[in-house]
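Hi there,

As promised, I am handing over the structure we talked about. Have a look at it first, and then read on for my notes.

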Amino acid sequence: MSALSNITAAAADYFPMLVRRPPPRFISESGKRVYGIVAEFSETTKVYHAAEMVRDAGYKKWDVHSPFPVHGMEHAMGVKPTKLPLLAVGAAVGGLSFAAFLQWITSAYLYPMVVQGKPYGAWEPFMPIMFELSVLFTAFACLFGMLALNGLPRFHHPLFGHERFYRISNDRFMIAIEAEDPNFDPDQIRALFEKAGGTDITIIEDED
Amino acid sequence: MTTFEPDQSIAARLTGLEPGAQPAPRRQKLIPGTRDDGTLTEDPGQRAPLVLGDRSFGEITDIVCGYAEAPMPKPWLALFSIFSMVAALGTGMILYLIITGVGVWGLNNQVDWAWDITNFVFWIGIGHAGTLISAILCLLKQNWRTAVNRSAEAMTIFAVTCAGIFPGIHVGRVWFAWMLFPVPNSQAIWPNFRSPLLWDVFAVSTYATVSALFWYMGMIPDLATLRDRAYLRLQKGLSRPFGIPMPVGKDIVVPFLPRPDTFRVLAYGLLALGWRFSSRHWHRYEKAYLILAGISTPLVLSVHSIVSFDFAVSILPGWHTTIFPPYFVAGAVFGGFAMVLLLLIPVRAILPNFSDLLTLRHLENMAKILLVTGTMVGFAYAMEFFIAWYGGNRFEYEAFANNRVNPMIAPYWWAYWTMIICNVVFPQMFWVRRLRQNPIVIWIVALAVTIGMWFERFVIIVTSLHRAFLPGEWHMFWPTWVDILTFVGSIGIFLTLFMLFLKFLPVFAMAEVKLVMPQAHVHDHDHDEEH
């Protein structure tokens, strides 16, 4: 069941037009679906502690946006370790096996050649290419696996409708709590952000 | 047509939205009375600052993006014109070779590998610095690498591009070059997987691909920054229209074209893949970066080892030596760092605010790497010669003593001694602190090393081939004008690509530079006590 919901979530990331979304839980004053609430922070330390507070308040669907990967933020947010290393190991084994198979089948069966009287299927000269292809496959798995787990590439995101969000890539920090979160309550979140020192607390509309 | 309202212009400057605006340069470039910019501290208890001038995050963005958005200074335009003409010349030489045949080079029956493979090994060696900086220095947590990694990786990719040209065109019938790869074909022929030349094909193409992936992945957040800036300017009506650059006076504005920022939003936006700086994304991104660094480290070491197998696995005296793999790797790192310095010291001069990010300390660190690897290369030269004598193989001894070293007998003695002076003697200057802290001296040594490393490959390849076992088959090799101009042209291609990189892409890894700045650390009393 969780595998199915994972696939649906991924499909919603890439092909939002194919997925029927549940009716909105919160509607803004202009009648649009509410994506969530954001608060802006100007210092690393402040956003770090604010993230700890949001984590301790029990929110699940939320995120911190920062111009660079803040050291230790995954602990402050309580993010689980990523599965990317498993994917990389799988790709490495795949590349190794592919190279071994390719070299063995061509050298020993499809086009056997006598080279310095060595056995056709000797594995020693196959080692360099086995190494190279496992590195190659791992590199592809790392980049594309990272993007796929992140739901990227994607053309648009509700946060890009918020003008102050464009400062994140420069020097600001932002915490966004999504309306999908079961504990979502605009008043409580506003109070939490104010306590944590957030500024420009804004409700973000989804384009629906 | 820069008809800004005055208050709008002020507002734009305050929010850093003026296209191509640079923050004010540092007031004191050097500490008065010294040649020190404040980073050359020798006190081990004190860390040298990685970014100078008390820059904020926003100023880092403005410096790096500003240069990518503003028109380039006049020296850039002059150099770019020259380099692109040289690149065109090189392309012409390649076409001439393809149309006419490999006979336009000075190759003969004895010396059947000469400048082509020399240039190949030279360029592929230069490509090693980028991945070394981004992979090995990343694993060793050397934070100073953030100042040079982006440009060094770019340089790596351009060098590997130049390297890839030569094996491609030296095969003679270029239209059969696809047979280097195991492609199913109607003759049912498969390549010989027991040949180091085929290992080389896989090593170099893997290296080129992985370096490009690494470079691109590092650039995604910075491309998103460029995208966001261009989008905000468009939204605020601050985008300038296109102008035709004029050598004197103001540029001529072209009002009816779409604005450059429209193209920036499109191009950078597509390349940034919708990156939105999410910490959940950063978490996976950092893990992916670490794994890539981890696998690139053995990859860097393997690529030049495999290139050296091209020679070491043969039975030719002068090539058949077990020291080749480590010797080639050390030489590649040596030559690569020399090229990084050769390119970045002028960049600091042409784009002055970059000297806040690329400090004298960074140059000194790289000079120290040149000293270490240069000494390793010198040791390898000595050891190679020692084994040629001590190993008791007459042919090998002759290949060294009488074909390379002895000026009375060896026809290519000048190449050997150029190599020794440039690679072993020049870097020894860096034992003196004042010399390794002087950018001009570093640049001259880097130039010497680059020349010396080209001669090293020439010495290995040509002097071993030109006098093999039988005196009856001895031949000299002299380059033809096509040989020379193809090599010069490849330098042009390399430099043209690098100039385009300086203009259009973020030259410093902004996100990583911000990460190593003091403001990026979480200040917390509880947190500090844990450490």
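Let me start with a helix that packs on the sheet. Helix α2 of chain A, residues 44–56, lies across β1, β2 and β3 of chain A, and its direction is at about 15° to that of β3(A). Please keep in mind that this is a predicted model.

A second helix also lies across strands: α6(A), residues 186–196, crosses β1, β3 and β4 of chain A. Its angle to β1(A) is about 10°.

Now to the sheet itself. It is open and has four strands in chain A, in the order β2-β3-β1-β4, with antiparallel pairing. The edges are taken by β2 (62–65) and β4 (199–205) of chain A; each has a single partner strand, so one side of each lacks a neighbour in the sheet. On average, neighbouring strands are turned by 20° against each other, ignoring direction.

Within the sheet, β1(A) (residues 34–41) and β3(A) (residues 173–178) are joined by six bridges in the antiparallel sense. If you want a place to zoom in, try A:V38, whose bridge partner in β3(A) is A:A176.

Finally, there is helix α5 of chain A, which covers residues 127–149. Its 23 residues reach 32 Å from the first C-alpha to the last, close to the 33 Å expected at 1.5 Å a residue. Is this helix mostly covered or mostly open? Mostly covered: 19 of the 23 residues of α5(A) are buried. Just after α5(A), look at A:G151, which takes a positive phi of about 70°.

Enjoy exploring, and best wishes!

Conventions
Residues are numbered from 1 along each chain as its sequence is written. Chains are lettered from A and ligands numbered from 1 in the order in which they are written. This is a predicted model: local features need pLDDT of at least 70, side-chain atom pairs count only at pLDDT 80 or more; totals for chains, interfaces and linings use all residues. Helices (H or I, at least four residues) and strands (E, at least two) are DSSP runs, numbered from the N terminus. The expected span of a helix is 1.5 Å times one less than its number of residues. A residue is buried if 20 or more other C-beta atoms lie within 10 Å of its own, exposed if 12 or fewer, and partly exposed in between; C-beta atoms are placed from the backbone. Two strands pair if DSSP finds at least two bridges between them. Axes are lines fitted to C-alpha atoms, for helices over the stretch in contact, and angles run from 0 to 180 degrees between N-to-C directions. Two residues are in contact if their C-beta atoms, placed from the backbone, lie within 7 Å.
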